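Please describe how the strands of this protein pair with one another, and which charged side chains link parts of the chain.

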Amino acid sequence: MHPTTSDAPLPVTSQTTPPTRFMVSTPTEVRRGSIFLTFAKPAAAPNVTCTGISVSLPRGGAATDLVNDEPRANYMLIDDYPRDSTGATWSVLRLPAAPVPTAPEWGEAPGHEFANIFDPRDDLYYKTDGLVPKDSALVVDYGVGQDIVNLDIGTGIDHRYKVQMLRLQSSMDGLIWDDLDTDPVQDTSRIERVFDPPLHARFLRILTVVDPSNEGYAVVRRFLINQGAQTRSDDDTVTFVCTPDEGEAVFDGSREFTLILSNIPVNQTPGAATLGIKQTVIADGGEDHHTTSLDGFEKADSAFVFENFSSEQTRVGNGEHVTLHWTGSPENTEYHLSWDDRTERISVPAARDCSFDTADLPGFAGLSRTTTFVLDAQTTNSSAQTVHHYQSTTVTVTDPDIEATSLTATGRIAVREGGTDTFLARSDDASTQALTTRAEGDVTVIA
């Protein structure tokens, strides 16, 4: 036991590259970033004995996800660098684990490295350096047990160099193997399997059943698992489990542990992502597991966007309100709204998809006449000069109020039945009765 240490988790601080925000990927380019996480106890707090720290990055295409899980992004290429200020070493296990080839029976032809089979591109492939005899195996180790939903294996090129007959097998320990099919797979260039429920395995392998009958060389173009949308779930993560090689690490006021994650492929959706942090600490009471979250990982598009400014209601009654919508860049942009009935500009929220309801404005009684709204998106250019971008939209008001310095009517001025029968003059106590007023020709009423 560790009676002198605390069972509290270590506080963690973060810094992202670029600072405070990531640039989202585009349909043509995968943007990548880095995260620096530092774990240390407060100087005045009791020591903390830690046996493990795990960091989970949300994976998918949502605004709250961070890691792009498209095959072209290949999140398996994320680099991890553990750093301990005392010089102690830590081991890092990645989940899902990166596949590791372990097949000495299948030699590599020069220029056709084994790692190519884990790339979704068919022009990158593994090729043996000679004939592949019966009962030899191409083995893939995923490091830990995986829930495998689908499997995609491609062999051969232009119907050549295929494995003549094979068995697909799985194993948890690399010693006992289970067949995935009742019968061997024969003479095919693509093998696809969907497992429902998922297949749980650490190892997968191709076992040859017959000696090759062609001139030799076998080609494997793909050996991929869990590719495609059908394997996605809301809580998918890429997790890095860090453990001190000495079994435990005692954090006093001078010790820090930093985990640097670089080459992270960022998804395409602007938003804010939250990382999951789990720590295992030991104190007098035994082992405790602490799960917390770390937010503030902003993703933003570098391109300026300002479009689609419109009103949800194109025509309203007198005294009613409207809801305005627009699409804009949330970063480094200020938005100001003005319209006919407002003498001052109103600062409105900055977000990718924004709405503003005039009913939320204190003291505003609604629209009384046809109104043009003007939205000003204010940015700063590379010369530190303020730049204004304007869009406008107009809303028509039924039975509007009319205010004018003078009014000229050609023909007649009519008072609707059931309405007022009085034209009010400028002073409070003056009025002009208009019950039976008639005039010939043009009539001018001056307020």
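The report below deals with strand pairing and then with salt bridges, and it rests on a predicted model.

## The three-stranded sheet

Three strands, in the order β21-β23-β26, make up an open sheet with antiparallel pairing. Its edges are formed by β21 (306-311) and β26 (353-357), each of which pairs on one side only, and neighbouring strands are turned by 15° against each other on average, direction ignored. Within this sheet, β21 and β23 (residues 323-328) run antiparallel and share four bridges, with Ser310 placed opposite His325 of β23.

## The five-stranded sheet

A further open sheet has five strands in the order β22-β28-β27-β24-β25, and here the pairing is mixed. The edge positions belong to β22 (315-317) and β25 (346-348), which each pair on one side only, while the average turn between neighbouring strands is 35°, direction ignored. In its interior, β24 (residues 334-339) and β27 (residues 371-380) are antiparallel and joined by six bridges; Trp339 stands opposite Phe373 in β27.

## Pairing around β20

Strand β20 (residues 286-300) pairs in the parallel sense with β3 (residues 21-23) over three bridges, and Phe22 faces Lys299 of β20 in this register. With β19 (residues 271-283), by contrast, β20 pairs in the antiparallel sense over 12 bridges, and there Val281 stands opposite Asp288.

## Salt bridges across the chain

The model contains 12 salt bridges. One of them joins Arg59 to Asp236, with the closest N and O atoms 3.9 Å apart; Arg59 sits in the loop between β5 (47-58) and β6 (79-84), Asp236 in the loop between β15 (219-225) and β16 (237-244), and the two are 177 residues apart. Arg59 counts as buried because its relative accessibility is 11%, and Asp236, at 14%, is likewise classed as buried.

Arg202 and Asp141 also meet in a salt bridge, at 2.8 Å from N to O. Because Arg202 lies in β14 (residues 190-208) and Asp141 in β10 (residues 137-155), the pair ties together parts that are 61 residues apart in sequence. Arg202 is partly exposed at 27% relative accessibility, whereas Asp141 is buried at 11%.

A further salt bridge, with its closest N and O atoms 3.0 Å apart, links Asp181 and Arg193. Asp181 belongs to the loop between β12 (178-179) and β13 (185-186), and Arg193 to strand β14, 12 residues apart; Arg193 is partly exposed, its relative accessible area being 23%. Salt bridges also connect Asp152, Arg190, Glu192 and Arg222 in a network.

Methods
Residues are numbered from 1 along each chain as its sequence is written. This is a predicted model: local features need pLDDT of at least 70, side-chain atom pairs count only at pLDDT 80 or more; totals for chains, interfaces and linings use all residues. Side-chain values use heavy atoms; hydrogens and water are left out. Two strands pair if DSSP finds at least two bridges between them. Axes are lines fitted to C-alpha atoms, for helices over the stretch in contact, and angles run from 0 to 180 degrees between N-to-C directions. A salt bridge is a side-chain nitrogen of Lys or Arg within 4 Å of a carboxyl oxygen of Asp or Glu. Buried means under 20% relative accessible area, exposed over 50%, partly exposed in between (1.4 Å probe, protein chains only).
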